Amino acid sequence: MKKSEWKSRTKRDLMIEVWEELDCESVGARELEAVTEAVRERFGEGAVESPAATARLLADEGAELRHAEVLDMDARWRTQDPYEAMFRNVVKFSNFDEAAATIRRLENLRRQFARKGDREGLRRVNEAALKAKRRAQMIARNAKVVERKREEKVEMAEWFTVWLNQPEIFEDWLALRRRSKEFRSRFEKEED
């Protein structure tokens, strides 16, 4: 496919624009590769969606899917990323115990990657923690969320901050924090 000057400003719109430029009703491996390449060029590797997710978006826009090609491409894509399985469902923080368990899982991965000298693995651990922290901060700022839950998310964002800055002291810090008078008075109902 020739390189075009894409007009779309968002990733979603770009995916649809590329498909429309291909001028085809059905979508399979060739079309998904063209969409993926355009997204990669415009937004970077981190913006690339799985072939299944891309196909689902295009199907919602009316594309007919060549399912066998989509499934095959998606399976190959998922096996290309050696980290995908390790990071699937790692981050959960609906309550304090889940947040603590998430940080422990991230710390285990961090240590594993540090032992191996795996810089990409370490980068992904850091990225996962930053995303979790930002998500907690976003929920904390959402006026539609009940105040108690927003306060909890502020606290959890602080936990991720401490771990990101000083992972080696986190467990001791967390134990002290959860036993502190302030924490217990603010969140004791959740801790009973």
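**Entry 1: aromatic pairs**

I started with the rings and searched the whole structure, which gave nine aromatic pairs. A reminder to myself: this is a predicted model.

I opened the pair of F93 and F160 and found an edge-to-face arrangement, with 6.1 Å from centre to centre and 75° between the planes. The angle is over 60 degrees, so the edge-to-face label follows. Where do the two rings sit along the chain? F93 is in the loop between helix 5 (84-87) and helix 6, while F160 belongs to helix 8. The two are 67 residues apart, and I noted the pair as a link between distant parts of the chain. Are F93 and F160 buried or exposed? Both F93 and F160 turned out to be buried.

Next I looked at F170 and W173, whose ring centres lie 6.0 Å apart with the planes at 35°, so I wrote this pair down as tilted. F170 and W173 are both in helix 9, and because they are three residues apart there, about one helical turn separates them. Their surroundings got a line each in my notes: F170 is buried at a relative accessible area of 1%, and W173 is partly exposed at 23%.

I also followed ring pairs from one residue to the next, and they join F96, W159, F183 and F187 into a cluster.

**Entry 2: the nonpolar cores**

With several aromatic names on the page, I turned to the packing. The largest nonpolar core has 28 residues, and those touching the most other members are F87, F93, L106, V125, W159, W163 and F170. Which helices supply at least two residues each to this core? My list reads helix 6 (96-116), helix 7 (119-141), helix 8 (147-165), helix 9 (170-179) and helix 10 (181-191). Helix 6 gives the largest share, with seven residues.

I then went back to F93 and listed its contacts, leaving out residues up to four places away in sequence. F93 touches E98, A99, A132, R135, A136, I139, K153 and M156. There is also a second core, separate from this one, with 22 residues, among them W19, A29, A34 and V39.

**Entry 3: salt bridges**

A search of the whole structure for salt bridges returned 23. I picked out three to read in detail.

The one between R66 and E31 has its closest N and O atoms 2.7 Å apart. What does this pair tie together? R66 is in the loop between strand 2 (64-65) and helix 4 (67-80), and E31 is in helix 2 (residues 29-43), so the bridge ties together parts that are 35 residues apart in sequence. The two ends sit in unlike settings: R66 is partly exposed at 25% relative accessibility, whereas E31 is buried at 4%.

The bridge from E107 to R110 also reads 2.7 Å between the closest N and O atoms. E107 and R110 are three residues apart in helix 6, so about one helical turn lies between them. E107 counts as buried at 8% relative accessibility, and R110 is partly exposed at 21%. With buried set at under 20%, R110 therefore falls on the partly exposed side.

For E120 and R123 I again noted 2.7 Å between the closest N and O atoms. This pair is in helix 7, where a spacing of three residues puts E120 and R123 about one helical turn apart. Here I found E120 partly exposed at 29% and R123 partly exposed at 40%. Which residues share partners with these two in one network? Salt bridges with shared partners join E120, R123, R124, E127 and K131.

**Entry 4: a look around R177**

I closed the session at R177, which lies in helix 9. R177 counts as buried, with a relative accessibility of 14%. Its side chain makes a polar contact of 2.8 Å with the side chain of E155. Another polar contact, also listed at 2.8 Å, joins the side chains of R177 and E182.

Setting aside neighbours within four places in sequence, I recorded E155, W159, E182, F183 and R186 as the residues in contact with R177. W159 and F183 in that list were already in my notes as part of the ring cluster. How far apart are the C-alpha atoms of R177 and W159? They are separated by 9.5 Å, with the two residues 18 apart along the chain.

Notes
Residues numbered from 1 in each chain as written. Predicted model: local features only at pLDDT ≥ 70, side-chain atom pairs only at ≥ 80, totals over all residues. Heavy atoms only, no water. Core = buried A, V, L, I, M, F, W, Y, C linked by side-chain atoms within 4.5 Å. Buried < 20%, exposed > 50% of the residue type's maximum accessible area, 1.4 Å probe, protein only. Helix = DSSP H or I, 4+ residues; strand = E, 2+ residues; numbered from the N terminus. Contact = heavy atoms within 4.5 Å. Salt bridge = Lys/Arg side-chain N within 4 Å of Asp/Glu carboxyl O. Polar contact = N/O pair within 3.5 Å; in protein donor to acceptor, adjacent residues only side chain to side chain. Phe/Tyr/Trp six-rings, centres within 6.5 Å; stacked < 30°, edge-to-face > 60°.
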